[in-house]
Amino acid sequence: MHVDKVTNEAGLQEAFRIRREVFVEEQGVPLADEFDQYESQAEHILVFHEAEEAAVGTARLRVVDGWAKLERICLLAPYRRSGLGSVIIGTLEAMAAEQGLRQAKLHGQKQAEGFYQKLGYETSSPVFMEDGIPHVIMVKSLQV
């Protein structure tokens with residue numbers, strides 16, 4: 001398995017393809033809500049499983065008010081519970097630390113809260129709805 005930073009339009013379109021499959025087709029997020037004005041401001045990554053030539057997961061990182069904001073974290077269904085989710089989070093955290101950021105946050109789907117807790121994130125909000133899906137804000141201090 002490996003992770004690549006998106007550096008061109010083809011890579012960005014691959015990230016969008018995965019997000020469309022996971023968030024729009026599988027989870028029912030409206031297409032207009034999935035893609036936003038922050039796409040060009042964010043750093044995007046693609047994750048590859050050992051046996052696959054095409055990416056199987058993606059995420060993006062933005063800096064918001066001095067925080068690393070981990071966003072649009074997803075894996076195609078057959079690759080969940082394979083360890084790749086931890087690879088995605090670790091990669092985003094390393095990218096944030098390289099930029100000198102000391103705090104990370106994310107809007108985690110409630111069903112994934114335990115996954116993020118295992119990676120050191122703490123829930124810092126009550127449950128709220130985002131695109132019709134229950135979420136919580138989760139935070140973590142980063143090692144810089």
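Start by selecting Glu113: at a relative accessible area of 10%, this acidic residue is buried. Keep in mind as you click around that you are looking at a predicted model. Glu113 belongs to helix 4, which covers residues 113-118. Show its surroundings, skip anything up to four places away in sequence, and you should find Thr123, Val136 and Met138 touching Glu113. Now add Gly100 to the selection and draw a distance between the two C-alpha atoms: Glu113 and Gly100 are 13 residues apart along the chain, and 26 Å separates them.

**Along helix 4 to the rings**

Next, pick Phe115 and Tyr116. Their ring centres are 5.0 Å apart with the planes at 65°, so this pair is edge-to-face. Are these two residues buried or exposed? Phe115 comes out as partly exposed, at 31% relative accessibility, while Tyr116 is buried with a relative accessible area of 7%. Add Tyr121 to the view as well, since Phe115, Tyr116 and Tyr121 make up one aromatic cluster.

**Over to helix 1**

How many aromatic pairs does the structure hold? The count is three. One of them is formed by Phe16 and Phe35, so select those now: the pair is edge-to-face, with 4.9 Å from centre to centre and 65° between the planes. Phe16 sits in helix 1 (residues 9-26) and Phe35 in the loop between helix 2 (31-34) and strand 2 (43-48), so the pair ties together parts that lie 19 residues apart in sequence. Phe16 is also buried, with a relative accessible area of 11%.

**Charges over rings**

Stay with aromatic side chains, but bring in some positive charge. Select Arg62 and Tyr38: Arg62 lies over the face of Tyr38, 3.8 Å from the ring centre. Then go to Trp67, where Lys105 lies over the ring face at 5.6 Å from the centre.

**A buried lysine**

Lys105 leads you to the next stop, Lys69, which touches it. Lys69 is in strand 4. Why does this lysine count as buried? Its relative accessibility is 12%, and the cut-off for buried is under 20%, so Lys69 falls in that class. Which residues touch Lys69, leaving aside those up to four places away in sequence? Show Arg60, Leu61, Arg62, Val64, Lys105 and His107. You have already met Arg62 in this list, over the face of Tyr38.

**Two unusual backbone spots**

Now hide the side chains and look at phi. Most residues other than glycine have a negative phi. Arg81 goes the other way, with a positive phi of about 65° although it is not a glycine. You will find Arg81 in the loop between strand 4 (67-75) and helix 3 (84-98). Arg81 is exposed, with a relative accessible area of 86%.

For the second spot, jump to Asp131. Phi there is near 55°, again positive in a residue other than glycine. Asp131 is in the loop between strand 7 (128-130) and strand 8 (133-141), and at 34% relative accessibility this residue counts as partly exposed.

**Zoom out**

Switch to cartoon and take in the whole chain. What does the secondary structure come to? There are four helices and eight strands, and reading along the sequence gives β-α-α-β-β-β-α-β-α-β-β-β. Rotate the model and you can check its extent: the C-alpha trace spans about 35 × 35 × 30 Å along its principal axes. For 144 residues, a compact globule would have a radius of gyration near 15 Å, and the 14 Å of this chain agrees with that.

Try colouring by accessibility next. Buried residues account for 44% of the 144 residues in the chain. The chain exposes about 7600 Å², and carbon and sulfur atoms supply 50% of that area. If you turn on contacts and keep those with a separation of 6 or more, 60% of them are between residues 24 or more positions apart.

**Last selection**

Finish by selecting residues 1-143. UniProt lists this range, in an unreviewed entry, as "domain: N-acetyltransferase". The span is 30% helix and 34% strand, and its end C-alpha atoms lie 24 Å apart.

Definitions and conventions: Residues numbered from 1 in each chain as written. Predicted model: local features only at pLDDT ≥ 70, side-chain atom pairs only at ≥ 80, totals over all residues. Heavy atoms only, no water. Helix = DSSP H or I, 4+ residues; strand = E, 2+ residues; numbered from the N terminus. Buried < 20%, exposed > 50% of the residue type's maximum accessible area, 1.4 Å probe, protein only. Phe/Tyr/Trp six-rings, centres within 6.5 Å; stacked < 30°, edge-to-face > 60°. Lys NZ or Arg CZ within 6 Å of the ring centre and 35° of its normal. Rg over C-alpha atoms; globule rule 2.2 N^0.38 Å. Contact = heavy atoms within 4.5 Å. Areas by Shrake-Rupley, 256 points an atom, 1.4 Å probe, with all protein chains shown as cover. UniProt positions renumbered as here; feature names shortened; annotations may be inferred.
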